[in-house]
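Let's take a walk through this one together, starting with the whole chain and then zooming in on a sheet and a single residue. Have your viewer open and follow along.

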Amino acid sequence: MAQGADPCIEGPWRGVVTTGIYCRNSCGSRVPRAENLRLFRSAEEAERAGFRPCRRCRPNEGNFEQRNGEIIAEACRLIEEADSPASISALAHAVGVSEGHFHRLFRKYTGLTPRAYREQKRAADVRENLVRGRPVTEAFYDAGYGSSGRFYAVTNKSLGMRPRHFKDGGAQETLLFAVGQTSLGAIVIASSLKGIAAILIGDDPEALLRDLQDRFPKATLVGGDADYERTVAQVVGLVEAPNLSNDLPLDIRGTVFQRRVWQALQSVPAGSTVSYDEIARRVGHPRAVNAVASACASNPLAVAIPCHRVVKSDGTFFGYTWGLERKRVLLERECAAAQATKAST
């Protein structure tokens with residue numbers, strides 16, 4: 001170890017004698033050989049020793065996670081405002097990080113590649129234009145699609161149906177549905193050919209069916225047959241044991257931002273909770289706490305997208321579309337299951 005280094009220091013900053021640069025220990029840069037390594041308790045200590053900050057992890061720029069969130073928020077803004085697709089290298093250069101680091105950060109905070117994010121943003125633009133009554137051809141040109149082939153390949157997947165059917169409010173789309181009962185109350189489940197599109201929980205089955213009709217005003221709702229009972233049983237099983245692995249096929253429909261929030265929620269382990277603030281940081285919009293709460297409230301797939309795992313920063317509950325008492329029960333079941341699993345290992 002280099003002269004002056006203290007092997008007992010366990011700080012989060014490391015300096016490299018041969019380069020004169022210091023990084024966070026979490027930096028993705030190559031770890032130096034032991035004889036070239038110095039450890040520091042703070043960025044200030046490293047700079048007093050003559051080291052300069054790494055341009056990759058920016059160890060002198062306050063809260064690391066906040067900084068990363070700001071980087072991704074800026075990248076998302078650039079993608080959304082660009083007239084044409086920007087390359088990974090161009091985006092990384094614009095936000096001041098290396099290409100590889102940028103790609104890893106973007107995937108971590110949004111769950112998508114930059115290219116996939118742009119495609120979802122364009123699909124959301126199409127969705128908005130169709131809702132406003134714009135012709136389909138105008139919608140795809142305005143969203144930046146150069147050909148109808150690419151447009152249909154992307155939007156059929158994103159909208160869950162052909163664009164013309166979406167424009168007509170789900171007309172010509174058929175959804176299987178069923179009403180069931182769980183220990184948490186009545187449940188209504190609806191599925192498209194792609195997967196489960198709605199899981200609604202409440203006290204009144206009639207009210208849940210009206211909610212389903214409001215969500216898909218022009219779709220044809222068909223009562224599920226005997227084969228559909230298997231899907232119903234799987235969903236009921238998930239409600240009764242929300243800690244179980246969720247491998248249900250889902251037809252997730254929402255805006256780009258909602259999808260990012262819901263994807264972040266699906267990565268929260270059963271038995272754990274996360275704050276609205278943390279989810280906002282994970283999706284690259286650290287100040288969009290209210291928007292995160294709104295996305296949680298708009299979640300049409302109770303339990304399958306576990307918005308019950310989101311709490312206020314102080315750990316207290318703040319609203320739940322399906323009722324706070326149901327949220328409490330779901331979390332208690334998950335925590336009990338997690339503790340039982342831990343005790344048995």
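What share of the contacts in the chain with a separation of 6 or more comes from residues 24 or more positions apart? The answer is 60%. Keep in mind that this is a predicted model, so every value here is computed from predicted coordinates.

Now for the overall inventory. The chain has 345 residues, and 47% of them count as buried. DSSP runs give 14 helices and 10 strands. As for the outside, the accessible surface comes to about 17,300 Å², and carbon and sulfur atoms hold 50% of that.

Next, find the sheet. Four strands make it up, in the order E3-E1-E2-E4, and it is an open sheet with mixed pairing. At its edges stand E3 and E4 (52-53), each with a single partner strand, so each has one side left without a neighbour in the sheet.

Strand E1 (residues 13-16) is a good place to look around from. On one side, E1 pairs with E2 (residues 21-24) in the antiparallel sense, over 4 bridges. The two strands form a hairpin with 4 residues between them, and Gly 20 in that turn has a positive phi of about 75 degrees. Across this pairing, Val 16 sits opposite Ile 21 of E2.

E1 also pairs with E3 (residues 37-40), again in the antiparallel sense and over 4 bridges. Here you can line up Gly 15 with Arg 38, and Arg 14 with Leu 39.

Which way do the residues of E1 point? Trp 13 and Gly 15 go one way, while Arg 14 and Val 16 go the other. That fits the usual pattern, because side chains in a regular strand alternate between the two faces of the sheet. As for burial, Trp 13, Arg 14, Gly 15 and Val 16 are all buried.

Finally, jump along the chain to Val 283, which lies in the loop between helix H12 (276-282) and helix H13 (289-297). Is Val 283 buried or exposed? Val 283 is buried: its relative accessible area is 0%, and the cut-off for buried is under 20%. Leaving out residues up to four places away in sequence, Val 283 touches Tyr 109, Thr 110, Phe 257, Arg 260, Val 261 and Ala 264. Take Val 261 from that list: it is 22 residues from Val 283 in sequence, yet the two C-alpha atoms are 6.5 Å apart in space.

Notes:
Residues are numbered from 1 along each chain as its sequence is written. This is a predicted model: local features need pLDDT of at least 70, side-chain atom pairs count only at pLDDT 80 or more; totals for chains, interfaces and linings use all residues. Side-chain values use heavy atoms; hydrogens and water are left out. Buried means under 20% relative accessible area, exposed over 50%, partly exposed in between (1.4 Å probe, protein chains only). Two strands pair if DSSP finds at least two bridges between them. Contact means heavy atoms within 4.5 Å. Accessible areas come from the Shrake-Rupley method with a 1.4 Å probe; for residues, only the protein chains shown count as cover.
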